[in-house]
Amino acid sequence: MDKYDRCAAALMELGDSIIEEKKKKSALIRRVSFSVSGLCAAALLCFGIWKTPALQKPPEIPQVPEIAAVTTAAAETSAPAKSTACMTTAAEVKTTRTSDNSASGVQTTAAASESRPVSTHTAPVNTAVQQAAQTGAVETIVTAASTAPVQTTQAAEETTQAVTTEKQSSPADGESAPSQQESPVEAEEPGTEGYNYFTMDELGGTYILTSSIDPAFVDDHIKNTVLTGTSSQGEIQSRAAIYSVQGIAPEVMTAVTFGSQDSYSVYCNYSYKPATLGEFMEAAGITRYASLDKAYYYDLSNGYEERYYTGIDTQKVIDMLLGCSGAECYSYSEVTSDKTVSDLTLICDMSSALPMSRAFGINRRGYVTTNLTSGGLAFNIGADKAEEIIRMITDNYGGTVTPSGEDGANTPV
Amino acid sequence: MENGASSYLRFLSGEKEGFAELVREYKDGLTLFINTIIRDIHISEEAANEVFLKLYVDKPKYKAGYSFKTWLYTIGKNTAINYMKKFRRTAYSSVDDLCYISDETDIEADYIKSEQNLLIHQAIKALKTEYAQVLYLVYFEELSNDEVSKVMGRSRKQVSDLIYCAKKALRAELERRDSNG
């Protein structure tokens with residue numbers, strides 16, 4: 001091999017090593033670029049999915065029924081055949097209650113109605129809004145009196161001049177509930193520009209239209225905002241001013257006025273969940289506004305008997321509830337239904353401030369339940385305390401038995 | 001097709017012997033040509049090696065518009081200029097492991113056989129770079145004026161003028177050497 005051949009061989013060897021190195025580099029670059037491209041594509045895909053409006057989870061909003069005015073007094077006649085309980089209040093409130101008086105003897109608790117959109121339920125168990133929204137084929141018939149004062153009366157047809165009827169059916173099972181309402185209906189503006197609910201992040205909740213409120217009870221201005229809400233017409237936006245209600249924490253409910261309107265509407269925070277019963281009593285204005293002078297007791301000792309108690313000492317009940325201030329709070333979804341079914345239902349009349357009536361349920365297993373904020377809450381006060389409250393009412397006040405299964409039997413007898 | 005071009009094409013088609021033939025045929029001439037620019041026979045040989053490495057690794061496309069030698073020397077001239085600019089070794093120039101023919105033999109003596117040629121070559125080395133380049137390409141590599149103009153990146157007229165001036169300078173240099181004995 002001459003010197004040129006050696007030189008050529010050396011050059012070829014060096015060239016081969018350079019080519020090999022280049023190949024390695026290009027392979028590495030190719031691998032890295034493939035990986036980076038894949039990562040970028042995945043990131044873009046994720047971002048796209050995240051930002052796709054169609055895939056964004058809507059807020060968990062309970063079923064908020066449409067509102068219509070019924071100009072007849074016969075609304076309650078369409079109550080289910082098993083309807084057993086009824087009540088009439090002196091503060092233009094009329095309630096239609098239904099319950100299942102089956103052999104199991106399960107009772108309903110929510111005996112509330114009001115002149116604004118409210119809900120009572122025909123479910124055979126506790127009838128808080130949350131449960132009603134979750135049960136599939138439940139149709140809710142609510143009757144509520146108009147703002148015209150109505151004297152307490154035994155006759156159902158005398159209790160209302162104009163009755164608001166509220167129908168609610170869950171779309172969960174994809175079928176509408178059977179209509180039980182035959183009354184003539186005419187549309188009525190709710191006075192809130194159609195906002196059935198809105199969300200307010202700074203107070204942490206979904207606020208549901210509950211009732212109107214006297215401007216005298218409207219307190220501090222919280223903020224002006226543009227609310228995005230949902231009505232039967234779809235999503236709408238409107239300028240609104242949000243106020244607190246005197247003596248009630250904004251986390252529980254707020255007063256809202258839209259645009260240039262002078263009227264105020266109360267929106268309850270469906271998501272509100274206090275730590276204890278004491279906190280709830282204070283924040284919800286129970287100690288300040290509530291009248292707890294009426295109750296239903298469901299006596300199962302001798303078949304099924306529903307007794308109606310009136311004239312109960314509100315302060316005494318409140319004191320007893322305050323005696324359980326430390327009772328821990330649960331939402332309905334956190335406890336089993338046997339703890340939310342009431343043995344005794346206390347009507348919580350807030351009409352000194354709001355045309356709104358709700359209920360407290362006392363369960364012998366040791367739970368106090370309430371639907372005051374629409375979202376069902378249960379407080380564990382202990383079985384002894386629960387029994388003590390029930391005894392205090394049933395032993396000290398004369399209850400009247402309410403007949404069941406008859407038309408017009410929704411008023412105390 | 002001249003030998004260089006056919007050898008290169010054979011190399012491009014995967015026959016490594018073609019590359020060895022190129023080295024064998026053009027190594028010395030390319031080194032000496034680059035030496036007229038760099039004026040260091042070792043660095044010139046390194047630059048020539050780099051030219052061959054470029055051929056081996058990058059496999060540049062040869063266009064048949066000029067002779068292979070012209071094309072190769074153009075690459076050599078550019079490489080030499082890069083060498084002078086950078087004055088450092090590139091990746092391609094990490095050729096310490098390569099054998100340097102100039103270490104073993106006198107390339108000039110081997111390449112320039114006749115004594116007259118040797119004298120002329122030595123006189124050429126004393127001339128300006130451009131004169132040395134053009135004379136080397138014309139008289140030793142026997143390139144045409146067109147090819148020289150291509151290699152040097154000059155026009156034909158410039159090359160003709162350059163050859164004229166270079167001859168004059170070479171004559172003066174030979175006379176000076178002759179008078180000095």
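## A tour of two chains

H3 of chain B passes H4 of chain B in a right-handed crossing. Start there. Keep in mind that this model is predicted.

**Stop 1: two helices in chain B**

Select residues 41-58 of chain B for helix H3, then residues 68-86 of chain B for helix H4. How do you describe two packed helices? Use the angle between their axes and the distance between the axes. Here the axes of H3 and H4 come within 9 Å and cross at roughly 120°. That angle makes H3(B) oblique to H4(B).

Now show the side chains where the two helices meet. On the H3(B) side, pick B:Ile43, B:Glu46, B:Ala47, B:Glu50, B:Val51, B:Lys54 and B:Leu55. On the H4(B) side, pick B:Phe68, B:Trp71, B:Leu72, B:Ile75, B:Gly76, B:Thr79 and B:Tyr83.

**Stop 2: a glutamate in a loop**

Stay in chain B. Select B:Glu141, in the loop between helix H8 (129-140) and helix H9 (145-152). Is B:Glu141 buried or exposed? B:Glu141 has a relative accessible area of 3%, so it counts as buried. The cut-off for buried is under 20%.

Which side chain does the side chain of B:Glu141 touch in a polar contact? Select B:Tyr73 as well. The two side chains make a polar contact at 2.9 Å.

**Stop 3: chain A as a whole**

Move to chain A and colour it by secondary structure. You should find 6 helices and 20 strands. Chain A has 413 residues, and 52% of them count as buried. Next, take the contacts in chain A between residues at least 6 apart in sequence. Of these, 65% join residues at least 24 apart.

**Stop 4: strand S13 and its partners**

Select residues 291-299 of chain A. This is strand S13, and it is mostly covered. How many of its 9 residues are buried? The count is 7.

Add strand S16, residues 344-349 of chain A. S13(A) and S16(A) run antiparallel and are joined by 5 bridges. To see one pairing, select A:Lys294: its bridge partner in S16(A) is A:Ile347.

Then add strand S14, residues 305-309 of chain A. S14(A) also pairs with S13(A) in the antiparallel sense, over 5 bridges. Select A:Asp299 and its bridge partner in S14(A), A:Glu305.

**Last stop: the turn**

S13(A) and S14(A) form a hairpin, with 5 residues between them. Which residue in the turn has a positive phi? Select A:Gly303, where phi is about 75°.

Definitions and conventions
Residues are numbered from 1 along each chain as its sequence is written. Chains are lettered from A and ligands numbered from 1 in the order in which they are written. This is a predicted model: local features need pLDDT of at least 70, side-chain atom pairs count only at pLDDT 80 or more; totals for chains, interfaces and linings use all residues. Side-chain values use heavy atoms; hydrogens and water are left out. Buried means under 20% relative accessible area, exposed over 50%, partly exposed in between (1.4 Å probe, protein chains only). Helices (H or I, at least four residues) and strands (E, at least two) are DSSP runs, numbered from the N terminus. Two strands pair if DSSP finds at least two bridges between them. A polar contact is a pair of N or O atoms within 3.5 Å; within protein, one must be able to donate a hydrogen and the other to accept it, and residues adjacent in sequence count only if both atoms are side-chain atoms. Axes are lines fitted to C-alpha atoms, for helices over the stretch in contact, and angles run from 0 to 180 degrees between N-to-C directions. Angles under 35 degrees count as roughly parallel, over 145 as roughly antiparallel, 65 to 115 as roughly perpendicular and the rest as oblique. A crossing is left-handed if the near helix is turned anticlockwise from the far one by less than a right angle, and right-handed if clockwise. Contact means heavy atoms within 4.5 Å.
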